[in-house]
Each structure stands twice: as structure tokens, then as C-alpha cells.
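The following exercises are to be worked with the sequence and the coordinates side by side. Please try each task before reading its solution.

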Amino acid sequence: LNARPGLGIQMANMAPLKARLKKVEGLKIKTPLRGVRVGQDLFGGEIEEDVEDMTGKKVLGIFEKVTLSNPQSGISKEIEAKIDTGAYSTSISSNLATKLGYEKAVKRFSRESLDSLGLPDKKAFRDFSLASIVKVNSAHGKTIRPKVAIKLALGGIIFETFATIAGREDLKYEVLVGRRDIRKFLVDPGKIKLENTESSDGHS
């Protein structure tokens with residue numbers, strides 16, 4: 001089965017086992033979760049780096065730090081976002097939108113205002129300075145939301161995009177980054193923060 005056995009030889013991924021064993025020699029691992037954490041810290045980036053080199057795309061996890069900026073006000077906020085491949089567009093909470101200077105758009109979020117305003121012509125979406133009203137299909141059905149121009153810094157890339165404003169105050173993450181804004185990236189569902197998978201009884 002192994003034509004060339006030996007700890008110093010690993011032709012499949014050019015990562016010899018002996019070198020890895022030397023890195024962990026003497027380490028005291030008390031729990032399986034601790035062992036997983038050490039393995040991820042020491043060796044988890046090797047395959048990811050190879051994938052990034054081959055594809056030219058950075059690998060994202062389900063949770064990533066992003067910086068959101070309002071091109072008009074110049075206000076920016078760094079926050080942890082959820083990468084949502086099930087959503088097409090990026091959305092932010094009305095609370096975060098207010099902090100970024102989108103007060104006028106947030107005011108349009110009330111049902112009364114939306115009913116009276118209606119939907120604008122789609123040609124208006126080309127203007128990055130304009131807050132528009134759009135129909136959005138979500139897990140909660142069809143809704144009408146304000147849509148604003150925003151600058152997004154993700155994975156070392158800064159770009160302009162649109163984000164809808166939604167009532168996300170009751171949810172853990174105030175930002176969802178949708179498929180439209182992650183086309184330049186690869187998403188690895190397994191690349192998550194270990195603390196998010198731990199529970200009080202030690203199970204994930």
C-alpha cells in the first residue's frame with residue numbers, strides 16, 4: 001500500500017509527517033477541543049494557502065471581520081459579519097445604518113413610509129449616492145427595504161456595493177454579506193471560529 005514508507009516522506013501534499021510531529025513534541029493536550037484548536041493554529045492554513053495560490057482567490061469562513069463605510073458621510077465601522085451564500089445581496093441592521101449616517105434611509109423603513117413612497121425606477125440604482133427602495137426575497141417572504149450605497153472592506157479587498165437595510169437588531173450578526181459581494185472569494189463552511197462550536201458540555 002505504501003511503496004515508500006517513512007516519516008520523512010509525504011509526496012501527496014509535500015508536508016512530511018516528521019516535521020509536524022516535531023512541532024507538537026512536548027505539548028500537553030488535555031481535551032479533544034484543545035487538540036483541534038492546536039491543529040488548526042499550527043497546520044490549518046497550509047491547504048488554504050495552496051488553494052489561494054492556485055485560484056487567486058482568498059478563502060473566507062462563515063464569519064469574517066468587515067469594515068463598512070458610508071461614501072457620503074465618511075463614517076466607517078468594523079464589525080463581525082456573517083457570510084451568507086443563501087442571500088443574494090448584503091444587508092445591514094437599521095441600528096448600524098443609523099450609526100453609519102443613513103438616517104434618512106432608516107426613516108423610510110417604516111411600513112407607512114414605504115407604502116406611500118412605492119418603488120423607484122431601476123435606473124436610479126446606478127447612482128451610488130441614492131438611497132432607493134427595493135423588493136427583497138428573504139426567508140421571511142417578500143419585503144420592501146431601503147437600499148443604500150456602501151463601501152465594503154472584506155478579505156483585504158475594498159469595493160463599492162449596495163446594501164439593504166433590515167431589522168436585524170434581534171439577531172446576533174448585524175451584517176450579512178451576500179453572494180453578489182463574495183464573487184472574488186471562495187467560502188469554506190468548515191473555516192469557523194472554534195469558540196462558536198463549543199458548548200458548556202464540550203460538544204459542538
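**Exercise 1.** Determine how many aromatic pairs this predicted model contains, and classify the geometry of the rings involved.

*Solution.* The count comes to 1 aromatic pair. It is formed by Phe-63 and Tyr-173, whose ring centres are 5.0 Å apart with 25° between the planes; since planes under 30 degrees apart count as stacked, the pair is classed as stacked. Next, place both residues in the fold: Phe-63 belongs to strand S2 (residues 63–69), while Tyr-173 sits in the loop between S7 and strand S8 (175–177), so the pair ties together parts that are 110 residues apart in sequence. Finally, Tyr-173 has a relative accessible area of 9%, and is therefore buried, the limit being under 20%.

**Exercise 2.** Establish whether Thr-161 is buried or exposed, and find the side chain with which Thr-161 makes a polar contact.

*Solution.* Begin with the location, which is strand S7 (residues 157–166). The relative accessible area of Thr-161 is 7%, so this residue is buried. Its side chain is joined to that of Asp-181 by a polar contact of 2.7 Å.

**Exercise 3.** Describe the surroundings of strand S7, starting from how many of its residues are buried.

*Solution.* Of the 10 residues of S7, 7 are buried, and the strand is therefore largely enclosed by the rest of the structure. Turning to strand pairing, S4 (residues 90–93) runs parallel to S7 and is joined to it by 4 bridges, with Thr-90 standing opposite Ala-163 in S7. As a last step, consider the ring of Phe-162, over whose face Lys-147 lies at 5.0 Å from the ring centre.

Methods:
Residues are numbered from 1 along each chain as its sequence is written. This is a predicted model: local features need pLDDT of at least 70, side-chain atom pairs count only at pLDDT 80 or more; totals for chains, interfaces and linings use all residues. Side-chain values use heavy atoms; hydrogens and water are left out. Helices (H or I, at least four residues) and strands (E, at least two) are DSSP runs, numbered from the N terminus. Buried means under 20% relative accessible area, exposed over 50%, partly exposed in between (1.4 Å probe, protein chains only). A polar contact is a pair of N or O atoms within 3.5 Å; within protein, one must be able to donate a hydrogen and the other to accept it, and residues adjacent in sequence count only if both atoms are side-chain atoms. Rings of Phe, Tyr and Trp (its six-membered ring) pair if their centres lie within 6.5 Å; planes under 30 degrees apart count as stacked, over 60 as edge-to-face and the rest as tilted. A charge sits over a ring if NZ of Lys or CZ of Arg is within 6 Å of the ring centre and within 35 degrees of the ring normal. Two strands pair if DSSP finds at least two bridges between them.
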